[in-house]
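Thanks for coming. I will go through one structure today, starting with a strand pairing and ending with the nonpolar cores.

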Amino acid sequence: MMDNFLAYDNLLYSLYTAIDFEDLKGKLLCHLEELIPHQYSSILLIDPNYSRKGGSLKVSEFFCKPSEFMEAEKTYMEKYPEAMNRRLNISRETVSVRESSLMPEAERLHSKVYQECYRRFDIYDTLQLSIASGDDLLAVLTLFRTRAAGAFADEDVYLLKALSKHLNTIFYKHCRER
């Protein structure tokens, strides 16, 4: 528990002391590995013209760690826009969700999306957080684990959700007030 507190504290400090948004994204993805172990991560930034109230969905930028994983997310966005739309519209509020709690393993690992986008990276489970300010969806942060690492636990969901107020505020500042 103490290790999680220190990792959480280090993550928050790095976010609030980031020089700019590029620095912030790098620090976020780096420090999240200490707090919630995972093998891959992505941040999908939502176009400011997108609205959950009927606007058309558009990702303005995306970032992955490691960078080789960008191929998987790019394929996902290009080939499966309907799945991406579901992923980005999990909830009207900030929420942390793990895929293994929504869909049985056999269904997840045999889906077309998995086969074409994530199989080569041996993705087994995902944990995502929608980052929002009111009805304004700002970004979706997703952590990915391989089969060897196993599924995300309830504690991982809790830890990511605990960051949400900070990430909502910081992302709003960088994504909408610039």
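**Strands and cores**

Serine 133 has aspartate 136, in E5, as its bridge partner. Before going on, note that this is a predicted model.

That pair sits in a longer ladder: strands E4 (123-133) and E5 (136-146) are antiparallel, with ten bridges between them. Two residues separate the strands in this hairpin, and glycine 134 has a positive phi near 65°.

E4 has another partner. Strand E3, residues 96-98, runs antiparallel to E4 and is joined to it by three bridges. Within that pairing, serine 96 lies opposite leucine 129 of E4.

How many of the eleven residues of E4 are buried? Ten are, so the strand is largely enclosed by the rest of the structure.

Now the cores. In general, nonpolar side chains in soluble globular proteins tend to be buried together. Here the largest nonpolar core has 32 residues, and those touching the most other members are Leu32, Leu35, Ile36, Leu141, Leu163, Leu167 and Phe171. Two or more residues each come from helices H1 (2-16), H2 (21-35), H7 (154-162) and H8 (164-175), and from strands E1 (40-46), E4 and E5. H2 contributes the most, six residues.

Take leucine 167 from that list. Setting aside neighbours within four places in sequence, leucine 167 contacts Leu15, Leu28, Leu129, Ile131, Leu141 and Tyr172. Leu129 is the residue we met opposite serine 96.

There is also a second, separate core, with 22 residues, among them Tyr40, Cys64, Ala83 and Tyr124.

That is what I have; I will take questions now.

Methods
Residues are numbered from 1 along each chain as its sequence is written. This is a predicted model: local features need pLDDT of at least 70, side-chain atom pairs count only at pLDDT 80 or more; totals for chains, interfaces and linings use all residues. Side-chain values use heavy atoms; hydrogens and water are left out. A nonpolar core is a set of buried Ala, Val, Leu, Ile, Met, Phe, Trp, Tyr and Cys residues joined through side-chain atoms within 4.5 Å. Buried means under 20% relative accessible area, exposed over 50%, partly exposed in between (1.4 Å probe, protein chains only). Helices (H or I, at least four residues) and strands (E, at least two) are DSSP runs, numbered from the N terminus. Contact means heavy atoms within 4.5 Å. Two strands pair if DSSP finds at least two bridges between them.
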